Amino acid sequence: MAFWLCGASHGMSEARLNVLCGVDEAWCMTMEKAFETRAGIDISMVRKSTGDILDQIRTEKSHPTVDVWWGGTGDAHLQAASEDLLDRYQPDHEHDMLPWAQNFFAMSGSRSAAIYAGALGFAYNSDLLAALKLPAPTCWQDLTKEAYRGHIQSGNPNSSGTAFTMLATLVQLLGEEEAFRYMAALNRNIVEYTRSGAAPVKAAARGEILIGISFMHDAVTLKEAGAPLVIVAPCEGTGYEIGAVSIVKGSRNARAAQAFVDFALSPEGQATGAAAGQNQVPSNAKAALPPAAPDITMIKMVDYDFATFGLSDERSRLLTRFDAEISPTQ
Ligand code: PLP
């Protein structure tokens, strides 16, 4: 029986579980309550962007304060795995995972498990587009057109997993030199690089900006809540994320951390996403697909190379180049 089903009644004396959460705040809170109720274990759940979580876990390597990293783009989890920052753990539900999730787990050396997948894209505010009398963008290349100067927000790839996924996607779609030429052209239209990757599409939903580059499932959630967003799967093709969960090496609450991972991969734990209005594709074959989740089989998708873009050296190299050639990070 899974440990979390045993709960506190089996003498678990460990302290609060410290979880860093990389998904939307609404899901972080729903998950916190669901796990506390199910397992009888208190959680401290803090939302941070992917790159910020990776930096914190690196900094705290010799004295970890975090037990579990839940959510956030999988390539950063793989980077942490390759730096020996994560513990090996074989989750209860691993055998029920979809093939892409099982591949991800194997690639991590059993240190990180996939919890969902979702495609990258962008979304624009259709009310603002009409008011500005601008054409509708449908491709990555459209975003570099002068008509959109000052009208686009993106995350900063140093902190945002969304934006790092975009950078890696463009390198895979166009080749590295062309991708950096593209980023330089796009940079002329970017009004701000935000710390969080979810912020741009939220700004577009509120009508503060025309176009936000984001994961499509983030935009679906906002559209379902009534925002006048049109969601675009770019015509050239796009990349995707595999969101992941990992136990931080040196966690002082190892059994509770394992219980959290088991819950996160169970159909019950995966359903917390849809309950919080999220629209990613769950990794467990037995979990229900949120009704509004984008059909990722219908989107032209790069065969995202997690092995390469999950390497720490590759990440550092691309980020150094981004800072030097596109936009220095403050
Ligand atoms: N939004 C959602 C719904 C996510 O699942 C994730 C995680 O991978 C992100 C955003 C990424 O956030 P950030 O770009 O701030 O790292």
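Hi everyone, let me start with the ligand: the shell around it takes at least three residues from each of domain 1 (3–118 + 240–296) and domain 2 (119–239 + 311–325). Those domain bounds come from an automatic or database domain assignment. A word on the source: this is a predicted model, where local features need pLDDT of at least 70, side-chain atom pairs count only at pLDDT 80 or more, and totals for chains, interfaces and linings use all residues. Numbering runs from 1 along each chain as its sequence is written.

So, which residues are closest to the ligand? They are Ser49, Thr50, Gly161, Thr162 and Gly197, out of 20 that surround the ligand (a residue counts as near if its C-beta atom, placed from the backbone, lies within 6 Å). β3, α7 (161–174), α10 (216–224) and β9 each give two or more residues to this shell, and β3 gives the most, with three. Helices (H or I, at least four residues) and strands (E, at least two) are DSSP runs, numbered from the N terminus. By class, the shell has three nonpolar, 14 polar and three charged residues; here Ala, Val, Leu, Ile, Met, Phe, Trp, Tyr, Cys and Pro are nonpolar, Asp, Glu, Lys and Arg are charged, and the others, Gly among them, are polar.

Now to the two domains themselves. Taken over C-alpha atoms, their centres are 26 Å apart. Each of domain 1 and domain 2 puts 24 residues into the contact, with C-beta atoms, placed from the backbone, within 7 Å. On the side of domain 1 that touches domain 2, α3 (50–59), β3 (68–73), α4 (74–82) and β9 (240–247) give two or more residues. The largest share there, four residues, belongs to α4. That side of domain 1 divides into six nonpolar, 13 polar and five charged residues. Thanks, everyone!

Technical notes
Two residues are in contact if their C-beta atoms, placed from the backbone, lie within 7 Å.
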